[in-house]
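This report looks at the burial of side chains and at the contacts between them in one protein chain. The sequence and the structure come first, and the discussion follows.

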Amino acid sequence: MSPGKQAAEREAAAPMAAGARLEAMRRRVRLSRLAVWTVIAAGPIALGIAITSSPTTVEAAAPAKPAGAARTTAVAADPAGYAQLFVNAWLRSSADDASSAQARLAQSMAPDAELPDPAADAGAQSTPQSVMAVRSAQRADGAWSVTVAAQYADGAVRYYAVPVTADRAGASFTVTGAPGVVAGPARAEVQKSSYGVSVPEGDLSAAVGEFLAAYLTGAGEVDRYLAPGVSLSPVSPAPYTAVDVQQVSAVEEAAAGEQVPADGTTVRVLAQVEARDTGGRWPLAYELALTSRSGRWEVSALESGTALNGGAR
């Protein structure tokens, strides 16, 4: 037989062989399904035997974790809110009236803590106007110390350190003892402000004032002062009737020029403003980013509250 004829016969036989292999695989799948349904009908014990004894033809390997992959770790629940609630109830309770709602709440949260015993004529001096957790520190696994501030009508503030035990899921807490009066947090050192460039009256300060007036008083559409692609909704309902810019400082020297610089120039500014309503005047501060376009300044970001006044960003 010539080589050409042999090659032709091999080419003709190849599809037949492939088809035979495919049909054999289909038969095995059908038989496997039939076997599974048979053992299911025979009961759970037979099914367990079939699963453990059947040969595995295809293994689905779990994807391997890349080297250095981060592991997820449980984060301990912060019991600050629980300690705040306890101190509020504890300060409003009295050992002479242990059946009151506040006393029962305090005792349920701290079974081992004694109730206070305020003087009968103490009145409002012994009852705080507001209570707020100001600091949490984890001492050991599940053990916390929460500092809670209580402010009184005369302006005095007392700080209480509260021992709390918490589970890692944050599902259960217990105050493990009476609170202790401690010194308040020290004042943190503030960095020198990065807004060192004084911005004179002109296009930039006017753009800032017009934007904040629209943002806080509803005087005009906010969108007309925004850079393309920036979306920012005004405060609603408008809280103030007027806004006056008192001072504008910037990080970049480009903000101090009399002319609007080339398109795409961005400056970051701190605007000190005075807002007015029927209740009085309110000093406010806003961190803004503005970008030049077509000879005008447009607001590209409102950043107030996102960074320290003195922190460069």
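Which residues are buried in H3? In this predicted model, the buried residues of H3 are Ala80, Ala83, Phe86, Val87, Ala89, Trp90 and Leu91.

**Confidence**

The mean pLDDT of the protein chain is 81, and 72% of its residues reach 70 or more. Over residues 34-63 the pLDDT is below 50, and this stretch has four contacts in the model beyond near neighbours in sequence. Residues 307-313 also have a pLDDT below 50, and here the model has 19 contacts beyond near neighbours in sequence.

**Helices H3 and H4**

Helix H3 covers residues 80-91, 12 residues in total, and it reaches 17 Å from its first C-alpha to its last, which is close to the 16 Å expected at 1.5 Å a residue. The partners against which the buried residues of H3 pack are helix H4 (101-109) and the strands S1 (130-140), S2 (143-151), S3 (157-166) and S4 (173-175).

In H4, the buried residues are Ala103, Ala106 and Met109. Seen down the axis of H4, these buried residues fall within an arc of 135°, so they line one face of the helix. An α-helix has 3.6 residues a turn, so residues three or four places apart point the same way. The cover over the buried residues of H4 includes H3 and S4.

**Aromatic pairs**

The count of aromatic pairs in the model comes to five. A pair of aromatic rings is described by the distance of the centres and the angle of the planes. Two of the pairs are set out below.

| Pair | Centre to centre | Angle between planes | Arrangement |
|---|---|---|---|
| Trp90 and Tyr160 | 6.2 Å | 75° | edge-to-face |
| Phe211 and Tyr215 | 5.6 Å | 20° | stacked |

The pair of Trp90 and Tyr160 links distant parts of the chain, with Trp90 in helix H3 and Tyr160 in strand S3, 70 residues apart. Trp90 has a relative accessibility of 12% and counts as buried, while Tyr160 is buried with a relative accessible area of 4%. Ring pairs also bring in Phe86, so that Phe86, Trp90 and Tyr160 are linked into a cluster.

Why are Phe211 and Tyr215 separated by about one helical turn? The reason is that they lie four residues apart in helix H5 (residues 203-217). Both Phe211 and Tyr215 are buried.

**Polar side chains in strand S9**

Strand S9 (residues 280-293) holds Glu287, and Thr291 lies in S9 as well. Glu287 is buried, since its relative accessible area is 5% and the cut-off for burial is under 20%. The side chain of Glu287 is joined to that of Tyr195 by a polar contact of 2.9 Å.

By the cut-off of under 20%, Thr291 is also buried, with a relative accessible area of 18%. Its side chain makes a polar contact of 3.0 Å with the side chain of Thr266. Leaving aside residues up to four places away in sequence, Thr291 touches Gly264, Thr265, Thr266, Arg296, Trp297, Glu298 and Ser300. Thr266 is thus named both among the residues that Thr291 touches and as the partner in its side-chain polar contact.

Technical notes
Residues are numbered from 1 along each chain as its sequence is written. This is a predicted model: local features need pLDDT of at least 70, side-chain atom pairs count only at pLDDT 80 or more; totals for chains, interfaces and linings use all residues. Side-chain values use heavy atoms; hydrogens and water are left out. pLDDT is the predictor's confidence in each residue, from 0 to 100. Contact means heavy atoms within 4.5 Å. Helices (H or I, at least four residues) and strands (E, at least two) are DSSP runs, numbered from the N terminus. The expected span of a helix is 1.5 Å times one less than its number of residues. Buried means under 20% relative accessible area, exposed over 50%, partly exposed in between (1.4 Å probe, protein chains only). The arc is that of the directions from the helix axis to the C-beta atoms. A polar contact is a pair of N or O atoms within 3.5 Å; within protein, one must be able to donate a hydrogen and the other to accept it, and residues adjacent in sequence count only if both atoms are side-chain atoms. Rings of Phe, Tyr and Trp (its six-membered ring) pair if their centres lie within 6.5 Å; planes under 30 degrees apart count as stacked, over 60 as edge-to-face and the rest as tilted.
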